Amino acid sequence: MSALHPFVAAAWPEWPDYALVEDLLPPLRQFARAGRVVLATLVSIDGPSPRPLGSEMAIAADGRVAGYVSGGCVEAAVASEAAMVLADGHPRLLDYGVGSPVIDIQLSCGGRIGIFVRELCDPAAYVNSLALARGARRTITVLSDASDGAWRIGDGVHAGDAGTYATVHRPPLRLVAVGGDPVTLAVATLAPFVGIEVVLLRPHGPPRPPEGVTLAGYDARALPVALADLAVDDRTAIYSLSHDAEVDHAVALHALRSPAFAVGVLGSRNKIASRVQRLKDDGMGEHELRRLNLPAGLPIGAQTPHGIAFSIIAQVCQRDRARQA
């Protein structure tokens, strides 16, 4: 098991850039166009693990790899197993870590993990199904047969059974940023690097979005119109970065009345009490206000646009992780 498959050894990268790919949909699309694809899914964890259950790694028939299922301890071995899956057509359930029979591959975290490796049947259809669900911001579960790797998709969250592995795919986190200052631009630039989509609202702003920034949406219409048409779900955070008290209040009030899991307003700490009181006067209770971050961002002492944007993005990630605990 410690020796790499010759095909994998020839193509294995010197640096683990494959682990910087969190969103597997684009590489899966590329791999599917090129030919056969193997998908490895983390299906069991016993003890600590650097990666959450459901983490995946895609391996193309030409040896390209994207994604990761551990902290770098087993990826090369998984790729070698993937090459053998392509050769013999049989799925594999890999067992690594403490107590595993594979004694020459151990995990630095001290845990034990199970990884299901199978050739992806009809990869083009698989990619299309995931893309359609993402476009509609629907949560789906991929149910993979443990015996042959055949997959089917169910809406919502489903559990697997003795013969099926279940992998839940949720829509990406989305951050709605309202404003047009340098912090807003920095947020829009940095957030996609951690897998967060950005919708930018700039009331009465320029007709075109900023160049060189990947956005899920841009709206320059008047704020009431933009907010009324804004689609918000429980994987959406809304932050007002406008430096305008009326805009900030309108955005916070709308956001707290929505399913948004996190709401933030950029501004001075000296104005927190008055901002909160105004929201209470408009009917916001303690339950709603628990989602409010005033001022926006984690208190890391940031003073530059990128530093403040980093603190906001970190706060959004923290809020999302906290509700999963």
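Me: How many disulfides does the rule give for this chain?

Reply: The model is a predicted one, and the count of disulfides in it comes to zero. A disulfide requires a pair of cysteine sulfur atoms within 2.5 Å, so a count of zero says that no pair meets that limit.

Me: What makes Cys-121 and Cys-317 partly exposed?

Reply: Cys-121 has a relative accessible area of 34%, and Cys-317 has one of 30%. Partly exposed covers the range between under 20% for buried and over 50% for exposed. Both values fall in that range, and therefore each of these cysteines is called partly exposed.

Me: Why is helix H3 described as largely enclosed by the rest of the structure?

Reply: Of the 14 residues of H3, 11 are buried, and so the helix is largely enclosed. Among the buried residues are Glu-75, Ser-80, Glu-81, Val-85 and Leu-86.

Me: How do you know that the span of H3 is close to the expected one?

Reply: H3 runs over residues 75–88 and reaches 20 Å from its first C-alpha to its last. The expected span is 1.5 Å times one less than the number of residues. For the 14 residues of H3 the expectation is 20 Å, and therefore the computed reach is called close to it. Just after the helix comes Gly-89, with a positive phi near 80 degrees.

Me: Why is Arg-275 called buried, whereas Ile-272 is called partly exposed?

Reply: The relative accessibility of Arg-275 is 18%. Buried means under 20%, so Arg-275 counts as buried. Ile-272 has a relative accessible area of 22%, which lies between the limits of 20% and 50%, and therefore Ile-272 is partly exposed. Arg-275 is placed in helix H8, and Ile-272 is found in H8 as well, a helix of residues 272–281.

Me: Which residues beyond four places in sequence are in contact with Ile-272, and which with Arg-275?

Reply: Ile-272 is in contact with Leu-294 and Pro-295. Arg-275 touches Asp-248, Val-265, Leu-266 and Leu-294. Leu-294 thus appears in the list for Ile-272 and in the list for Arg-275.

Me: What is the form of the peptide bond from Leu-294 to Pro-295, cis or trans?

Reply: The bond is cis, with omega near -10 degrees. Pro-295 is found in the loop between strand S14 (292–293) and helix H10 (305–324).

Me: What makes His-204 and His-243 count as exposed?

Reply: His-204 has a relative accessibility of 66%, and His-243 has one of 57%. Exposed means over 50%, so both histidines count as exposed. His-204 has a positive phi of about 60 degrees although it is not a glycine. Phi of His-243 is also positive, near 65 degrees. His-204 lies in the loop between strands S10 (197–201) and S11 (217–219), and His-243 in the loop between strand S12 (236–240) and helix H7 (245–256).

Me: What describes the chain as a whole, in its helices and strands and its buried share?

Reply: The chain has 10 helices and 14 strands, and buried residues make up 46% of its 325 residues. The C-alpha trace spans about 65 × 40 × 40 Å along its principal axes. About 15,900 Å² is exposed, with carbon and sulfur atoms supplying 55% of it.

Methods: Residues are numbered from 1 along each chain as its sequence is written. This is a predicted model: local features need pLDDT of at least 70, side-chain atom pairs count only at pLDDT 80 or more; totals for chains, interfaces and linings use all residues. Side-chain values use heavy atoms; hydrogens and water are left out. Helices (H or I, at least four residues) and strands (E, at least two) are DSSP runs, numbered from the N terminus. Buried means under 20% relative accessible area, exposed over 50%, partly exposed in between (1.4 Å probe, protein chains only). Accessible areas come from the Shrake-Rupley method with a 1.4 Å probe; for residues, only the protein chains shown count as cover. Contact means heavy atoms within 4.5 Å.
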